[in-house]
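Got your viewer open and a hand on the mouse? Let's take a walk through this one, one selection at a time.

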Amino acid sequence: MGVAMGVLLLAGVVLSSPYLYRRAWRGHQQSVEALAKKFGLDSLPVDDRFGALLSGQVDGLELVIEGRSDARQFQTALASGLPREQGVAYVVNGRGQISSRLGLARPTHGSSPEDLLIGDPAFDPEVAVYGHEFMALAVLDPVTRARTSTLIKGLGVVVAGGRVSYFEAVAFVDPKRQAQLVSQLLDLAQRLCLHEDQVPARLLQNLHVEPLPAVRRRLALALFGGFPTHPVTQEAQPQFAVDADPTISFYARACDREQGRNFLKLALTTPTVAVELRAFAAQRLGPKAVTQLLPELSDSLALLVQALDSVRRLGGPELEDQVWPVLSNPHNRARIAAARALGAFGSLRSVPPLHAIRESRIHAAEVRDAARAAIAEIQGRHGHPAEGALSVAQDPAAGALSETPEAGAVSEAPDRSSSV
């Protein structure tokens, strides 16, 4: 106990020494001034301890370095040598040049399902990429991916809100190391700075230099699928239409001004074409063309459901009669997708086939529920059944349903039970 008490007393004498404190403070200030001079920054002491604020423009980027200190924590660490727990926050702000919709960080167990995969098996597990997909693919060329992974995986650098930032609990004790770190952050920020108008050109540039096949396909999909009519895309189309990778060739051929649409229709209805490419064709053709081709998609349940989901989001009442046949498809998933599509944009004319499914006991419960929900959506657009909506017309020749309150033969009651 006596020895321990003696050590504590000796440490107190050292920590309270004005000479040692002033010496450490001068060393800190020299480090701050050296870093400021290296990058041409303005330096401002934050307090009379060991804080500092450096800021200024470096190659068009706004750089902020904020040193924070706590005298008690610093003095506690002084006895063991270098000061610790002195936070230094480096912030490189692109002033809007780095897309605020692009984020990069260490992956976590709670990563969002919206995280983007670049296609690089060495990069994707190490860095969580989220936000603007085309921007991410445009800026993350092979060299940038390697440098990004080093900084984010190794140091915990974060890219978010249009800025690159990093925090560490050390002091300005090594000007050379600090300068190296700032240079790395500036380099990363410069690489991530790209105006959205330049995205197609950068995608094409990366497509020329990318060595990984999976990343090349992602780049081609982004360029030819995301910017099919852009001048950069049209100029590159002939070259990549004959690319050795058949997937890239497919995306490029789909952009042909004269033959692209016919090529897409053929691809959509050809069973031997990969499902993901047929889905791409469906997306490019649009809901009207897809609904006309629905009968030819029955070979692929997944593609049929995906096409109906696309029609549901983008279609209109003029397409409903082409969706009706799918209500008789042998697969429950297809019937449910068709019911949902009709619920989204169907008119009163779609209620009878949906009502038949709703009342039939041969259909699975989930199919009947989808039909009931679709009828409710349609009724919601044409008035509530309690107000007489959706009833049989007086003149059968006029059609199956009308919005008149008379007759009232077919309606879906508010309690979701059928009423007559």
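Here is a short tour, from the whole chain down to a single residue.

**Stop 1: the whole chain.** Before you click anything, keep in mind that this is a predicted model. Show the chain as a cartoon and you'll be looking at 18 helices and 10 strands. There are 420 residues here, and 46% of them are buried. Now switch on the surface: the chain exposes about 21,200 Å², with carbon and sulfur atoms supplying 55% of that. How much of the contact in this chain links residues 24 or more positions apart? Counting contacts with a separation of 6 or more, such pairs account for 58%.

**Stop 2: helix H7.** Select residues 199-209, which form helix H7. Colour Val-199, Pro-200, Arg-202, Leu-203, Leu-204, Asn-206 and Leu-207, because these are the buried ones, at under 20% relative accessible area. What do they pack against? Add these helices to your selection:

- H4, residues 133-139
- H6, residues 175-192
- H8, residues 213-226
- H9, residues 231-240
- H10, residues 246-253

**Stop 3: Asn-206.** Stay on H7 and zoom in on Asn-206, which lies in that helix. Is Asn-206 buried or exposed? Its relative accessibility is 2%, so Asn-206 counts as buried. Leaving out residues up to four places away in sequence, Asn-206 touches Leu-137, Ala-138, Val-139, Asp-141 and Leu-219. Show those side chains as sticks to see what surrounds Asn-206.

**Stop 4: H8 and H10.** Two of the helices that H7 packs against are worth a look as a pair. The axes of H8 and H10 come within 9 Å and cross at roughly 5 degrees. That small an angle is under 35 degrees, so H8 is roughly parallel to H10. Pick Arg-216, Arg-217, Ala-220, Leu-221 and Phe-224 on H8, then Thr-247, Ile-248, Tyr-251 and Ala-252 on H10, and you have the contact. Sorted by class, those residues are 6 nonpolar, 1 polar and 2 charged.

**Stop 5: H5 and H6.** Finish with helix H5, residues 142-155, which packs with H6 at an angle of about 130 degrees, the axes being 11 Å apart. How do the two helices lie to each other? They are therefore oblique, and their crossing is left-handed. From H5, select Val-143, Thr-144, Arg-147, Thr-148, Leu-151 and Leu-155; they meet Leu-181, Gln-184, Asp-187, Leu-188, Arg-191 and Leu-192 of H6. Colour this contact by class and you'll get 6 nonpolar, 3 polar and 3 charged residues.

Terms used
Residues are numbered from 1 along each chain as its sequence is written. This is a predicted model: local features need pLDDT of at least 70, side-chain atom pairs count only at pLDDT 80 or more; totals for chains, interfaces and linings use all residues. Side-chain values use heavy atoms; hydrogens and water are left out. Helices (H or I, at least four residues) and strands (E, at least two) are DSSP runs, numbered from the N terminus. Buried means under 20% relative accessible area, exposed over 50%, partly exposed in between (1.4 Å probe, protein chains only). Contact means heavy atoms within 4.5 Å. Accessible areas come from the Shrake-Rupley method with a 1.4 Å probe; for residues, only the protein chains shown count as cover. Axes are lines fitted to C-alpha atoms, for helices over the stretch in contact, and angles run from 0 to 180 degrees between N-to-C directions. Angles under 35 degrees count as roughly parallel, over 145 as roughly antiparallel, 65 to 115 as roughly perpendicular and the rest as oblique. A crossing is left-handed if the near helix is turned anticlockwise from the far one by less than a right angle, and right-handed if clockwise. Ala, Val, Leu, Ile, Met, Phe, Trp, Tyr, Cys and Pro count as nonpolar, Asp, Glu, Lys and Arg as charged, and the others, Gly among them, as polar.
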